[in-house]
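Subject: Structure handover

Hello,

Here is the structure I said I would pass on. My notes on it follow below.

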Amino acid sequence: MAYKSADTYIGTQDLATVDTVKRVPLGTVVRCVDPTYGEGSAIYLAIPTSTAIAAGLIVYANASLNAVAVPVVSTSKKTGRSVYVALAAVASDASNIQYAWFLKKGITATLKTAVTVAADQAVYISTTAGRMYLTASAGAQIIGARTVNAASVTSTTSTVLVQIDNPVLQGYS
């Protein structure tokens with residue numbers, strides 16, 4: 001993915017760049033454009049010290065606007081939290097808070113569990129933190145997210161293309 005900001009903010013970093021300097025207020029949302037996948041939007045979040053985030057990881061923002069990997073399904077189901085997908089990998093830094101952009105609307109490679117994925121499927125939180133899977137589970141669907149792969153993706157492939165539109169974890173039923 002090559003999302004670029006469609007909005008102008010002086011001094012902000014590229015959407016695929018991780019920085020130790022906060023360039024815009026946390027929670028800032030920008031419109032973005034990918035030459036293949038079109039328009040989307042991204043949110044600016046902090047990554048706490050000693051936290052690594054893989055590109056494609058599913059996260060939520062806590063009250064301090066820190067990116068936190070979505071917990072396993074038994075903990076995260078029926079919470080109604082908004083979720084986002086990491087646009088860039090963030091290496092752990094024991095000394096610095098880092099800052100990065102996370103996709104909230106658009107198409108992106110998203111981490112999945114080791115399952116085969118057929119085309120056009122609903123998405124659910126898995127038993128692996130920050131990853132999705134396709135087995136229907138009561139209260140665990142990610143509303144506003146669906147796979148958009150044209151053909152089946154093998155279980156050995158770690159990501160699948162997912163279209164998200166301000167996704168949220170399924171709320172209380």
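To begin with one residue: is L87 buried or exposed? Please keep in mind that the model is predicted. L87 has a relative accessible area of 18%, and because buried means under 20%, L87 is buried. In the chain, L87 belongs to the loop between strand 6 (84–86) and strand 7. Apart from neighbours within four places in sequence, the contacts of L87 are Y3, L15, A42, A55, W101, F102, L103 and T108. One of these, T108, is 21 residues away along the chain, with 7.9 Å between its C-alpha atom and that of L87.

The protein as a whole

The protein has one helix and 11 strands. Read from the N terminus, the order of the elements is β-β-β-β-β-α-β-β-β-β-β-β.

A compact globule of 173 residues would have a radius of gyration near 16 Å, and the 15 Å of the protein agrees with that. Along the principal axes, the C-alpha atoms fill a box of roughly 45 × 35 × 30 Å. Of the 173 residues, 42% count as buried.

As for contacts with a separation of 6 or more, 64% of them are between residues 24 or more positions apart. The exposed area of the protein is about 7,900 Å², and 52% of that area is supplied by carbon and sulfur atoms. The charged side chains number 12 positive and 8 negative, and 10 Å lies between the centres of the two sets.

Strands 1 to 3

Strand 2 covers residues 29–34. Which residues make up its covered face? They are V30, C32 and D34, while V29, R31 and V33 make up the uncovered face.

Strand 2 pairs with strand 1 (residues 4–5) in the antiparallel sense, over two bridges. In this pairing, K4 stands opposite V33 of strand 2. Strand 2 also pairs with strand 3 (residues 38–47), again in the antiparallel sense, and here there are six bridges. R31 has S41 of strand 3 opposite it. Strand 2 and strand 3 are joined by a hairpin of three residues. Both R31 and V33, named in these pairings, belong to the uncovered face of strand 2.

Strands 7, 10 and 11

Strand 11 spans residues 159–169. How many bridges join strand 7 to strand 11? There are seven, and the two strands run antiparallel. Within this pairing, I107 stands opposite Q163 of strand 11. Strand 10 is joined to strand 11 as well, by five bridges, and these two strands are also antiparallel. I142 has L169 in strand 11 as its bridge partner.

Two residues with positive phi

N166, also found in strand 11, has a positive phi of about 50 degrees although it is not a glycine. The relative accessible area of N166 is 37%, so N166 is partly exposed.

D120 is another residue other than glycine with a positive phi, near 55 degrees. Where does D120 lie? D120 is in the loop between strand 7 (98–111) and strand 8 (122–125). With a relative accessible area of 46%, D120 is partly exposed.

An exposed loop residue

A138 is in the loop between strand 9 (132–133) and strand 10 (141–147). Its relative accessible area is 61%, and because exposed means over 50%, A138 counts as exposed. Not counting residues up to four places away in sequence, A138 touches K77 and K78. How far apart in space are A138 and T157? The two are 26 Å apart, C-alpha to C-alpha, with their positions 19 residues apart in sequence.

In short

If you want places to start looking, L87 is a buried loop residue and A138 an exposed one. For the strands, strand 2 pairs with strand 1 and with strand 3, and strand 11 is joined to strand 7 and to strand 10.

Regards

Terms used. Residues are numbered from 1 along each chain as its sequence is written. This is a predicted model: local features need pLDDT of at least 70, side-chain atom pairs count only at pLDDT 80 or more; totals for chains, interfaces and linings use all residues. Side-chain values use heavy atoms; hydrogens and water are left out. Helices (H or I, at least four residues) and strands (E, at least two) are DSSP runs, numbered from the N terminus. The radius of gyration is taken over C-alpha atoms; the globule rule is 2.2 Å times the number of residues to the power 0.38. Buried means under 20% relative accessible area, exposed over 50%, partly exposed in between (1.4 Å probe, protein chains only). Contact means heavy atoms within 4.5 Å. Accessible areas come from the Shrake-Rupley method with a 1.4 Å probe; for residues, only the protein chains shown count as cover. Lys and Arg count as positive and Asp and Glu as negative; His and the chain ends are not counted. The place of a charge is taken as NZ of Lys, CZ of Arg, CG of Asp or CD of Glu. Two strands pair if DSSP finds at least two bridges between them.
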